[in-house]
Amino acid sequence: MDDALMQAPLFSALDAEAAVALRASMVETLAPRGTIIFNEGEIGDHMYVIVGGKIKLGHASSDGRESLLAVLGPGEIFGELSLFDPGPRTATATALTDARVLALGNTSLHPWLAGRPEVAEALLAALARRLRRTNDALADLVFSDVPGRVAKALLELADKFGTWHEEGTLVKHDMTQEELAQLVGASRETVNKALADFTQRGWIRVDQREVLLLSVDRLARRAR
Ligand code: CMP
């Protein structure tokens, strides 16, 4: 079994034999960069586990503007809301990089939920974490300024996707500047201004689809 998979909430609670059985009821899909896995508003009967790559979850407002709810990576799940609370998909899932995902159908999931309370508990824990993060982001939209939110977003991305670099933490986020702005919930201009200011202070270095964090401490202070 893949390492990322064993860490996914669905699998982490299971012993090896059960994990293999669950894996066998899932279908693997390769999603090249830009592939839409599902659209907001569609009826959904599958949830997904990311094995490799990144998936963005985007939401369109009634006037056509886009916002990003989250960018997820290996081991994370998405598409579970429409299973637990049947209804239309609340966001569009798009592959931000070439990605590998496993799909689990509603009918395959239910016996696991009924027969293995640890699977249900692990999924509840993942949902609770997501709600916590969303509440945090909501408070930041009300109480923090754009540079504060940019600093916070960079730190969150570093937590998820950061790798060691001799000068700091390298974050390959794979987003365009427009997408980064959609994630922060601000205009591209104000987000760029914040990035330019952090660069000028020597806290970060910005490159195409990646950022090098040179001073995590200063960013953390700015994010508070
Ligand atoms: P579903 O509504 O089936 O399809 C869209 C998915 O996006 C949803 O399930 C969740 O898995 C995911 N999603 C929705 N809102 C958020 C959020 N605030 N943070 C992270 N993921 C989310």
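Salt bridges come first here: this predicted model has 17 of them, where a salt bridge is a side-chain nitrogen of Lys or Arg within 4 Å of a carboxyl oxygen of Asp or Glu. Because the model is predicted, local features need pLDDT of at least 70 and side-chain atom pairs count only at pLDDT 80 or more, while totals for chains, interfaces and linings use all residues. Residues are numbered from 1 along each chain as its sequence is written, and side-chain values use heavy atoms, with hydrogens and water left out.

**Salt bridges**

- Arginine 65 pairs with aspartate 63, and their closest N and O atoms are 3.2 Å apart.
- Arginine 65 is exposed at 60% relative accessible area, and aspartate 63 is exposed at 52%; here buried means under 20% relative accessible area, exposed over 50%, and partly exposed in between (1.4 Å probe, protein chains only).
- Lysine 152 and aspartate 140 also meet in a salt bridge, at 2.8 Å from N to O. Lysine 152 lies in helix H7 and aspartate 140 in helix H6, so this pair ties together parts that are twelve residues apart in sequence. Helices (H or I, at least four residues) and strands (E, at least two) are DSSP runs, numbered from the N terminus.
- Within this pair, lysine 152 is partly exposed at 22%, whereas aspartate 140 is buried at 15%.
- Arginine 205 forms a salt bridge with glutamate 167, with the closest N and O atoms 2.8 Å apart. This one links distant parts of the chain, 38 residues apart: arginine 205 sits in strand E11 (residues 204-207), and glutamate 167 in the loop between strand E9 (162-165) and strand E10 (168-172).
- Arginine 205 is partly exposed at 40%, and glutamate 167 is partly exposed at 39%.
- Asp15, Arg116 and Glu118 are joined into one network by salt bridges that share partners.

**Helices H7 and H9**

- The axes of helix H7 (residues 146-161) and helix H9 (residues 188-200) come within 9 Å and cross at roughly 70°. That makes H7 roughly perpendicular to H9, a term for angles of 65 to 115 degrees, with those under 35 counted as roughly parallel, those over 145 as roughly antiparallel and the rest as oblique.
- Axes are lines fitted to C-alpha atoms, for helices over the stretch in contact, and angles run from 0 to 180 degrees between N-to-C directions.
- On the H7 side, Val146, Pro147, Val150, Ala151 and Leu154 meet Thr190, Val191, Ala194, Leu195 and Phe198 of H9; contact means heavy atoms within 4.5 Å.

**Helix H8 and its cover**

- Helix H8 (residues 177-184) is mostly covered, with six of its eight residues buried. These are Glu179, Leu180, Ala181, Gln182, Leu183 and Val184.
- The cover over these buried residues includes strand E4 (55-60), strand E5 (66-72), H6, H7 and H9.
- Glycine 185, just after H8, takes a positive phi of about 80°.

**Other positive phi values**

- Aspartate 174 is not a glycine, yet has a positive phi of about 65°; you can find aspartate 174 in the loop between E10 and H8.
- Arginine 209, another residue other than glycine, has a positive phi near 60°. Look for arginine 209 in the loop between E11 and strand E12 (210-213), where arginine 209 is partly exposed at 26%.
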